[in-house]
Amino acid sequence: QVQLVESGGGLVQPGGSLRLSCAASRFTLGYYSIAWFRQAPGKEREGVSCITISGGSTYYADSVKGRFTISRDNAKSTVYLQMNSLKPEDTAVYYCARDSLGCGNSWYYVTRYDYWGQGTQVTVSS
């Protein structure tokens with residue numbers, strides 16, 4: 001069945017960088033848009049970024065614009081999230097999810113995604 005696996009999380013100091021990966025299997029990644037979400041303790045899951053099928057359009061939450069960059073390599077069945085200038089408030093479990101609607105203006109609605117990865121922990125602390 002459809003599988004998404006996140007990796008690349010860890011503990012970094014404020015101002016540091018991490019690159020997360022979302023690897024897809026058992027389906028063709030190039031047919032779908034992919035979104036990144038995150039969830040901090042005691043908080044609701046929130047949209048971070050979304051990328052369309054060919055990478056032609058990208059979307060970001062205001063809180064990460066200018067610091068995070070989403071990209072994809074369909075030949076490797078992988079979507080990436082490059083995170084720079086990390087802040088303590090970026091601490092969360094990060095998830096990727098499969099989208100059939102091409103991101104758009106409602107990409108951040110959690111309920112429209114049918115397939116999710118297991119999540120990877122990102123901790124930003126000194």
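**A tour from one disulfide to the next**

Select Cys22 and Cys96: these two cysteines form a disulfide, with their sulfur atoms 2.1 Å apart. The model on screen is a predicted one. Look along the S-S bond of Cys22 and Cys96; the angle about it is 75°, and the link is right-handed. Cys22 belongs to strand S3 and Cys96 to strand S9, so this pair ties together parts that are 74 residues apart in sequence. Switch on a surface if you like: both Cys22 and Cys96 are buried.

Next, stay with Cys22 and show the strands beside it. Select residues 3–7, which are strand S1, and residues 18–25, which are strand S3; the two pair in the antiparallel sense over five bridges. Within this pairing, Glu6 has Cys22 as its bridge partner in S3.

Then add residues 78–83, strand S8. S3 and S8 run antiparallel and are joined by six bridges. Which residue of S8 stands opposite Cys22? Select Val79 to see it.

Keep Val79 selected and add Trp36, Phe68, Leu81, Met83 and Tyr94. These six have the most contacts inside the largest nonpolar core, which has 27 residues. In general, nonpolar side chains in soluble globular proteins tend to be buried together.

To see where this core comes from, colour the elements that give two or more residues to it: S3, S4 (33–39), S5 (46–51), S7 (68–73), S8, S9 (92–99) and S11 (120–124). Which of these gives the largest share? Strand S3 does, with four residues.

Now hide that core and select Ala35, Cys50, Cys103 and Tyr113. They are among the seven residues of a second, separate core.

Two of these residues lead to the next stop. Cys50 and Cys103 form a disulfide, and their sulfur atoms are 2.1 Å apart. Here the angle about the S-S bond is -85°, and the link is left-handed. Cys50 sits in strand S5, while Cys103 is in the loop between S9 and strand S10 (115–116), so the pair ties together parts that are 53 residues apart in sequence. Cys50 and Cys103 are both buried.

Finally, show both links together. How many disulfides does a search of the whole structure find? The search finds two. Counting the bonded cysteines along the chain, the disulfides follow the pattern 1-3, 2-4. To trace that pattern, select Cys22 with Cys96, then Cys50 with Cys103.

Definitions and conventions:
Residues numbered from 1 in each chain as written. Predicted model: local features only at pLDDT ≥ 70, side-chain atom pairs only at ≥ 80, totals over all residues. Heavy atoms only, no water. Pairing = 2+ DSSP bridges. Core = buried A, V, L, I, M, F, W, Y, C linked by side-chain atoms within 4.5 Å. Buried < 20%, exposed > 50% of the residue type's maximum accessible area, 1.4 Å probe, protein only. Disulfide = S-S within 2.5 Å.
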